[in-house]
Amino acid sequence: MLINQPTITTNGGVRATWAEINLTRLSQNFQAIRARVAPASVMLVLKTNAYGHGMTEVARHLAVQADYLGVAVLEEGILLRELGITRPILVLGGIWSNQIPQYIEHNLTLTASSIERLEQIDAASGQMGVKAKVHLKIDTGMERIGVHYYSAHTLQEATLKCCRNVEVEGIYSHFASADSADLTFARLQLERFNEVLRFYEKHGLPAPLRHIANSGAVLQLPEANLDMVRPGILMYGVYPSPEVPHTVQVRPALAWKSLVVFFQGGQARASGQLWLDLAKRPHGARRDGAGRLRGWLLPQHVEQGPGHHSRSEISAGGAGVHGSDHGQSRMGHGLQRRRSDVDWRIGRNASRSRIWLSGLGRSPTKF
Ligand SMILES: Cc1ncc(COP(=O)(O)O)c(C=O)c1O
């Protein structure tokens, strides 16, 4: 009952809103992926605060199960080392040359996305008297970081010439659209990457650890598994797009809960309130990246169990939004209301319906 719920938080939080993470479920998702891609290794992608799930706790719980950990930036890697995590960690993002010693000091694997960086890593590790581990980054069409596939051989040749203080442990690329129904471009990227890998065969050299598969590829492009896969969003229980086949069963692990003051199916917007516009961007987090960068998953599902009056739960995944409101509910376009338990529901097609969750203590947040 509401009367028993804290309406003023006393634990340092500002408002009555919180996220609950089901670590067991994350573990189950991880194992389901592992079973799907075996014998390939699996990287646990912890970047951007474990996709908003809290990197520290997720790492503590899951790192031991993973073959490799993946983070976006140096700081995340250092944080994991400070937690006592000893698994290998690849920093997937680009690096600034003046930070190279810190990567090496914390035994983080560096991404070498140009010959210049590779030489800088070699020089720094030489000075420090250690061997740095690197993975070469090949851009096969994502147009983010990395050496383009058509000049990848220059980077590969450089590893043979310049780098006595560097261990080239891996080589990787990233898919731009492996979660789309049309896999033409993803297949082209894979073909380009495989061509780059032929360098090793031609030179009679063993290929380093090869990896390219993200969530979309894990689900629908098994030929891309290679030596290791890097599923991010899928491990967190969210399918990367509505188009992918559910060849691995995962479930969301994040529930965002809040005490709700008032429900209104209106048009206006006021500051200090969080609003959900499902109609505009039902998969917004995936599409524009904002959700992930902010560390929030797109709420696609708002749930209300009977007896939990005026309490709202938002979890990632699922279709549409539904919930109930003990006191207030409105019929509107796309809104339904069930008489028995005063349930309300907004479907995916609710073109203009918005839910207002007042008093969440965040600046206006648009999903
Ligand atoms: C290099 C790299 N690998 C893997 C992933 C995981 O991608 P996804 O969440 O689509 O599985 C990301 C995420 O953006 C990435 O940047």
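In this predicted model, the buried residues of helix α8 are A186, Q189, L190, R192, F193 and V196, and this helix is a convenient place to begin reading the structure. The elements against which these buried residues pack are β6 (132-139), α7 (152-161), β9 (209-213) and α9 (215-220). Helix α8 itself covers residues 184-202, and its length can be checked by a simple calculation: at 1.5 Å a residue its 19 residues should span 27 Å, and because its end C-alpha atoms are 27 Å apart, the model agrees with that expectation. Just beyond the end of α8 comes G204, a residue that takes a positive phi of about 60 degrees.

From this one helix the view can be widened to the chain as a whole, in which the secondary structure amounts to eleven helices and 18 strands. The chain has 367 residues, of which 44% are buried. When contacts between residues at least 6 apart in sequence are considered, 61% of them join residues that are at least 24 apart.

How far the model can be relied on is a matter of the predictor's confidence, and here the chain averages a pLDDT of 77, with 67% of the residues scoring at least 70. Over residues 271-367, however, pLDDT stays under 50, although the model has 207 contacts beyond four places in sequence for that stretch.

A second helix worth following is α4, which runs over residues 74-82 and has E76, G77 and L80 as its buried residues. Seen down the axis of α4, these buried residues fall within an arc of 100 degrees, and therefore they line one face of the helix. On the other side of α4, by contrast, E75 and E82 are exposed. The cover over the buried residues of α4 includes α2 (47-52), α3 (55-62), β3 (68-71) and β4 (89-91). After α4 comes G84, with a positive phi near 95 degrees.

Strand β3, one of the elements covering α4, contains Y68. Is this residue buried or exposed? Y68 is buried, because 22 other C-beta atoms lie within 10 Å, where 20 or more are needed for a residue to count as buried. The C-alpha atoms of Y68 and I89 are 5.9 Å apart in space, while the two residues are 21 apart in sequence. Setting aside neighbours within four places in sequence, Y68 is in contact with S41, M43, R87, P88, L90 and M228.

Helix α2, also part of the cover over α4, holds T48. This residue has a phi near 45 degrees, which is a positive value in a residue other than glycine. T48 counts as buried because it has 20 C-beta neighbours inside 10 Å. A positive phi is found again in E143, at about 60 degrees, although E143 is not a glycine either. E143 lies in the loop between β6 and β7 (147-148), and with 9 other C-beta atoms within 10 Å it is exposed.

Earlier in the chain, helix α1 (residues 23-37) includes R36. What surrounds this residue, leaving out residues up to four places away in sequence, is V218, T247 and V248, each of which R36 touches. R36 and V248 are 212 residues apart along the chain, yet their C-alpha atoms are separated by 6.8 Å. R36 is described as partly exposed because 19 other C-beta atoms lie within 10 Å, whereas a buried residue has 20 or more. A cis peptide bond, with omega about 15 degrees, joins A38 and P39, and P39 belongs to the loop between α1 and β2 (41-45).

The last part of the picture is the ligand and its surroundings. Which residues surround the ligand? They are V45, L92, H174, N214, S215, R230, P231, G232, I233, L234 and P240. By character, the shell around the ligand divides into six nonpolar residues, four polar residues and one charged residue.

Key
Residues numbered from 1 in each chain as written. Predicted model: local features only at pLDDT ≥ 70, side-chain atom pairs only at ≥ 80, totals over all residues. Helix = DSSP H or I, 4+ residues; strand = E, 2+ residues; numbered from the N terminus. Buried ≥ 20, exposed ≤ 12 C-beta atoms within 10 Å, placed from the backbone. Contact = placed C-beta atoms within 7 Å. Near = placed C-beta within 6 Å. Nonpolar A, V, L, I, M, F, W, Y, C, P; charged D, E, K, R; others polar. Arc of directions from axis to C-beta. Expected span 1.5 Å × (residues − 1). pLDDT = per-residue confidence, 0-100.
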